[in-house]
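Welcome, and thanks for opening the viewer. Keep the selection tool at hand, and we will walk through this structure one stop at a time.

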Amino acid sequence: MKFALVLLATVAIATAQIDIDNIEPVDLIAPIPSYPEAEGFHSGRIVGGNEAHPGQFPYQVGLALHIGDKQGWCGGSIISDEWVLTAAHCTENADSVTVYIGAHNIKEVEESTLKINVGKENIIVHEKWSMLTLQNDISLIRLPQKLEFNDRVQPINLPSKSQAKESFVDKAVIASGWGKDSDKSQTVSPVLRFVEVPVLAHWRCNVRYIGRIKDSHICIKGSGGKSTCQGDSGGPLAYTEADGSKTLLGATSFGIAFGCEIGWPGVFTRISSFLDWINANTGIAIRS
């Protein structure tokens with residue numbers, strides 16, 4: 001049985017202002033070479049979810065990626081006053097990126113939205129990111145100016161070292177982004193959307209992807225047509241702690257290309273696998 005897998009990003013012709021009606025759901029990166037049991041990968045969006053309230057996810061950012069004469073769209077997470085975390089497949093070919101901070105509606109940008117342009121020199125792609133295996137799908141964006149936090153702009157906690165040992169299986173988590181909201185959609189969503197789903201056991205996810213899920217991945221159940229899809233790439237998978245704070249468990253990476261509503265698991269980069277790498281590149285202290 002052959003599978004088509006795709007990274008969850010979108011690409012469109014570049015414009016001075018984001019024109020989401022012209023962002024087509026096609027791969028941001030080059031097509032994935034064929035494997036014996038897999039032909040390609042797709043990247044993510046939110047399907048089967050709900051519209052977020054403005055400011056509900058103050059750690060969420062949108063990324064307008066400028067790639068030659070084209071423009072891509074991904075998500076990301078604020079992890080400090082000067083660092084954003086996203087997926088490597090979003091940024092690896094980017095010449096620059098415009099970071100949308102505090103945004104809700106990206107078609108009608110609100111007064112509360114801050115847009116910061118970042119050059120390629122401030123993008124760090126994991127040195128072992130592989131388009132062939134989809135491992136180490138993580139990157140960092142250093143903002144040229146420090147953020148001032150408010151009710152619409154806040155960082156999300158990185159996992160602690162002790163949480164690196166937790167599986168979070170069957171725990172409720174929240175994925176958010178501006179990705180397509182149905183398989184019939186032709187563009188990304190104008191408003192931020194989210195879905196609350198349980199974490200899927202590693203071995204169950206690995207069966208569905210024929211052994212391609214590694215320890216550095218974390219999966220969500222896609223049952224009920226609730227999952228990520230094109231346009232959500234790099235966006236957060238968050239766990240709500242007992243005190244109400246949020247912890248970043250994953251960054252949207254890939255899924256099955258046959259559709260986002262067919263019940264297949266969504267796959268994320270497991271952030272706890274990269275705590276040392278994040279610390280080494282940003283200096284952000286990791287909780288014990």
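Two strands pair if DSSP finds at least two bridges between them. Keep that in mind for the first stop, and note that what you have open is a predicted model.

**Stop one: a strand with two partners**

Select residues 172–177, which make up strand E12. Is this strand mostly covered or mostly uncovered? It is mostly covered, as five of the six residues in E12 are buried. Now add residues 193–200, strand E13, to your selection. E12 and E13 pair in the antiparallel sense, and six bridges link them. Next add strand E15, residues 236–240. E15 also runs antiparallel to E12, with two bridges joining them.

For a closer look, click on Ile 174. Which residues are its bridge partners in E13 and E15? In E13 the partner of Ile 174 is Glu 196, and in E15 the partner is Ala 238.

**Stop two: the disulfides**

A disulfide is a covalent bond between the sulfur atoms of two cysteines. The count in this model comes to two disulfides.

Begin with Cys 74 and Cys 90, whose sulfur atoms sit 2.1 Å apart in a disulfide. Cys 74 belongs to strand E6 (residues 70–78) and Cys 90 to helix H1 (residues 88–91), so this pair ties together parts that are 16 residues apart in sequence. Turn the view to look along the bond: the torsion about the S-S bond of Cys 74 and Cys 90 is about -90°, so the disulfide is left-handed. Cys 74 counts as buried because its relative accessibility is 0%. Cys 90 is buried too, with a relative accessible area of 1%.

Move on to Cys 205 and Cys 219, which are joined by a disulfide with an S to S distance of 2.1 Å. Here the pair ties together parts that are 14 residues apart in sequence, because Cys 205 lies in helix H2 (residues 202–208) and Cys 219 in strand E14 (residues 217–220). With a torsion of about -75° about the S-S bond of Cys 205 and Cys 219, this disulfide is left-handed. Cys 205 is buried at a relative accessible area of 0%, and Cys 219 counts as buried at 3% relative accessibility.

**Stop three: the nonpolar cores**

Select Phe 57, Ile 79, Leu 85, Ile 138, Leu 158, Ile 271 and Ile 278 together. These residues have the most contacts inside the largest nonpolar core, which has 29 residues. Strand E7 (83–86), strand E16 (246–256) and helix H3 (275–282) are the elements that give two or more residues to this core. Which of them gives the largest share? H3 does, with three residues.

Now center on Ile 79. Leaving aside neighbours within four places in sequence, Ile 79 is in contact with Leu 85, Leu 140, Pro 155, Ile 156, Leu 158, Leu 248, Ile 278 and Ile 284. Apart from the largest core lies another, of 20 residues, including Leu 65, Ala 87, Val 97 and Ile 123.

**Last stop: a serine in a loop**

Finish by selecting Ser 130, found in the loop between strand E10 (123–125) and strand E11 (139–142). Is Ser 130 buried or exposed? Ser 130 counts as buried, because its relative accessibility is 19% and the cut-off for buried is under 20%. Finally, show Leu 132: its backbone nitrogen lies 3.2 Å from a polar atom of the Ser 130 side chain.

Terms used
Residues numbered from 1 in each chain as written. Predicted model: local features only at pLDDT ≥ 70, side-chain atom pairs only at ≥ 80, totals over all residues. Heavy atoms only, no water. Helix = DSSP H or I, 4+ residues; strand = E, 2+ residues; numbered from the N terminus. Buried < 20%, exposed > 50% of the residue type's maximum accessible area, 1.4 Å probe, protein only. Polar contact = N/O pair within 3.5 Å; in protein donor to acceptor, adjacent residues only side chain to side chain. Disulfide = S-S within 2.5 Å. Core = buried A, V, L, I, M, F, W, Y, C linked by side-chain atoms within 4.5 Å. Contact = heavy atoms within 4.5 Å.
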